[in-house]
Amino acid sequence: ARIMQEQKNIQTLFLALIKSIPSMINVSLLILVMMMVYASLGKAFLANVKYQLWVNRLVNFRGYMRGIYVLFAQLTLDNWNNVMWDCREQGPQACTNNEEMNDCGDGGPAAAFFLTFFYIGSYIFTNLIVSIILDSFSFC
C-alpha cells in the first residue's frame with residue numbers, strides 16, 4: 001500500500017485496471033459465447049476425425065468440453081495450425097477403410113473453421129481487450 005502512495009504511475013495503472021474490469025468481464029463472456037458456438041460447430045463437423053499426432057484422445061471435438069478445451073488452446077495460439085492440418089488430413093493414412101464410420105478429415109470445413117476462429121479470436125478480441133485497457137487510461 002505504501003508503494004502505491006509513493007508512486008503515482010503505479011497508482012494510475014492500478015486504477016485503470018480496476019476500472020476496466022467490468023468491460024473485460026463483458027468481453028470475456030462474449031469470447032465464451034463464441035467458444036460455445038464454435039465447440040458446437042466443431043462437434044458437428046470435426047468429431048469423427050481420426051486420432052493423429054496433434055488430434056488425439058485429449059485434443060479432439062468428440063465431446064463438447066473437449067472442444068472448449070481445444071478452442072481455448074487455439075486462442076492461446078498453441079499449435080493451432082498443427083491441429084488444423086490434422087483435421088484436414090484426407091489420405092489413406094488418416095482414414096480407416098470402414099464404410100460405417102467416416103473418420104477422414106475434410107479440408108474445406110476444417111480450414112474455414114480454424115481460420116475464422118483464429119481471426120475472430122486472436123485479432124478482434126485481443127485488440128478489443130487492449131482497447132478497453134487503453135480507454136480506461138484516458139479516464140485516470
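In what order do the elements of the protein run from the N terminus on? They follow the pattern α-α-α-α-α, with five helices and zero strands in the protein; helices (H or I, at least four residues) and strands (E, at least two) are DSSP runs, numbered from the N terminus. The model is predicted, so local features need pLDDT of at least 70 and side-chain atom pairs count only at pLDDT 80 or more, while totals for chains, interfaces and linings use all residues. Residues are numbered from 1 along each chain as its sequence is written, and side-chain values use heavy atoms, leaving out hydrogens and water.

Of the 140 residues in the protein, 31% are buried (under 20% relative accessible area, with exposed over 50% and partly exposed in between; 1.4 Å probe, protein chains only).

On the surface, a nonpolar patch of about 830 Å² includes Phe14, Ile18, Tyr64 and Met65. Such patches are made of residues with over 30% relative accessible area and no salt bridge, nonpolar side chains (Val, Leu, Ile, Met, Phe, Trp, Tyr) being joined within 5 Å. A salt bridge is a side-chain nitrogen of Lys or Arg within 4 Å of a carboxyl oxygen of Asp or Glu. Helix 2 (8-45) and helix 3 (64-75) each supply at least two residues of this patch, and the largest share, seven residues, comes from helix 2. Ile18 lies in helix 2 and is partly exposed, with a relative accessible area of 42%.

Helix 2 and helix 3 also pack against each other, at an angle of about 120° and with their axes 9 Å apart. Axes are lines fitted to C-alpha atoms over the stretch in contact, and angles run from 0 to 180 degrees between N-to-C directions.

Methods:
Patch = residues over 30% accessible without salt bridge, like charges linked within 9 Å, V, L, I, M, F, W, Y side chains within 5 Å. Areas by Shrake-Rupley, 256 points an atom, 1.4 Å probe, with all protein chains shown as cover.
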